[in-house]
Structure formats: structure tokens, C-alpha cells
Amino acid sequence: MRELLADRIHDVADYPKPGVMFKDITPLLADPEAFSVLTDVLAGIAREHGATKIVGLEARGFILGAPTAVRAGVGFVPVRKSGKLPGATLTQAYDLEYGSARIEVHAEGLTEGDRVLVVDDVLATGGTAEASVQLLRRTGAEVVGLAVLLELGFLEGRGRVERALAGAPLDALLAV
């Protein structure tokens, strides 16, 4: 499984800026066998943790999270950048390396009793993942874990996210 997935993630040098090695998952998404295997593995993690909802983080977390939710037989809830969701929302601000950002979720999207698995493509510095855990807890839902396709270990986001998860597991299918 790991080899199948890793072989379909391509490095793109100097994107989006010089010195950055971008991990492009679009070849994996274009391969029905690899995408299906990825979805199956993530759905298995959701079932293992007893998730009742999958939360996908904007934007590639939507691509991975929605089919995972269908495969696991649970609902899907998006966490979006601020200002992108209609209606009543809950918002969480967080700091970036140079500035700040805000994410939000529909206020009625999750409730007490929901068991949430957060899904995203990459764990880098952990800022968005950490903020999402904080945001989701404010809904009354229990965050039962975070699952990512790829962890960029050299950016050291794991420690930050594990502290926010407070004992809930962080599953990275691949790590570099």
C-alpha cells in the first residue's frame, strides 16, 4: 500500500516558490487503484476510531475526506477558510509563520455526541490541523483522531498536533 501511494506522489521543485519541494498528489488522485486504496485505508481508520463524521480541511482534505466518509458510511463536514460558508458558522483564528488565518465550520454541522476524524492530505507545520481540532471541540464533538496521507516530518508539525489531539491518534500513511 505504501509503495503504491508513494510512487504516485510527485515532487515539483521550486513550487509555489523557489526552494520549496511541492508534493503533488494529483497523479495519485488520477489513478483509480491508488485512490481507491487510499480511500479504503482512511475509511478503515475512521471505523477503527468509531468516527461518526469525517471532517475534511480545505481544500485537498475535501478530495480525500468526502469519499472516505462515503466508504465509511458516515457524514462529511468541511472546514473552510473564513468567509466561504453560508449561514451561521464557528470560526477559529490561528497564527501562520508570517501573519494569521481563520477557518470555520457550519455551526450546526457537528454536535455533542459526534465522533470526528479529521482528514487532510499533508501535515506540515501543523497550524491548520491544530486550529481545526480546537474549532471542532468547540462544537461539542469529540475529535477521535487526525489522518493524513503524507507527513513532512522535517517541518515538525507532529508535536504541535499531538498536543492539540490530547491523546487521540495522529495517523500518517506516509512520511518524509
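Here are some friendly notes on a predicted model, taken region by region.

1. Let's start with helix α6, which spans residues 157-165. Its buried residues are Gly157, Val161, Ala164 and Leu165. These four cover an arc of only 100° around the axis, so they sit on the same side of α6. Among the elements that cover them are the strands β7 (115-123), β8 (142-151) and β9 (170-175), together with the helix α5 (127-138).

2. Strand β8, one of those covering elements, is worth a look in its own right. Nine of its 10 residues are buried, so β8 is largely enclosed by the rest of the structure. It pairs with β7 in the parallel sense, over eight bridges. If you would like one pair to find on screen, take Val116, whose bridge partner in β8 is Val143.

3. Next comes the loop between β8 and α6, where you will find both Leu155 and Glu156. Leu155 counts as partly exposed because its relative accessible area is 36%, which falls between the cut-offs of 20% and 50%. Glu156 has a relative accessible area of 65% and is exposed. The backbone of Glu156 also deserves a glance: its phi is positive, about 60°, although the residue is not a glycine. For context, most residues other than glycine have a negative phi.

4. Leu155 also belongs to a nonpolar patch on the surface, which it forms with Phe154 and Val176. Together, the three have about 300 Å² of accessible area.

5. At the other end of α6, the helix is followed by Ala166, in the loop between α6 and β9. Here too phi is positive in a residue other than glycine, with a value near 50°. Ala166 is exposed, at a relative accessible area of 65%.

6. Two peptide bonds are good ones to check by eye. The bond from Tyr15 to Pro16 is cis, with omega near 5°, and Pro16 lies in the loop between β1 and β2. A cis bond also joins Glu58 and Ala59, with omega about 0°. Ala59 is placed in the loop between β3 (53-57) and α4 (60-72). As a reminder, most peptide bonds are trans.

7. Finally, a word on Pro18, in the loop between β1 (10-13) and β2 (21-24). Is Pro18 buried or exposed? Its relative accessible area is 72%, so Pro18 is exposed, the cut-off being over 50%. Pro18 and Arg158 are 140 residues apart in sequence, and their C-alpha atoms are 25 Å apart in space.

Key:
Residues numbered from 1 in each chain as written. Predicted model: local features only at pLDDT ≥ 70, side-chain atom pairs only at ≥ 80, totals over all residues. Heavy atoms only, no water. Helix = DSSP H or I, 4+ residues; strand = E, 2+ residues; numbered from the N terminus. Buried < 20%, exposed > 50% of the residue type's maximum accessible area, 1.4 Å probe, protein only. Arc of directions from axis to C-beta. Contact = heavy atoms within 4.5 Å. Patch = residues over 30% accessible without salt bridge, like charges linked within 9 Å, V, L, I, M, F, W, Y side chains within 5 Å. Areas by Shrake-Rupley, 256 points an atom, 1.4 Å probe, with all protein chains shown as cover. Salt bridge = Lys/Arg side-chain N within 4 Å of Asp/Glu carboxyl O. Pairing = 2+ DSSP bridges.
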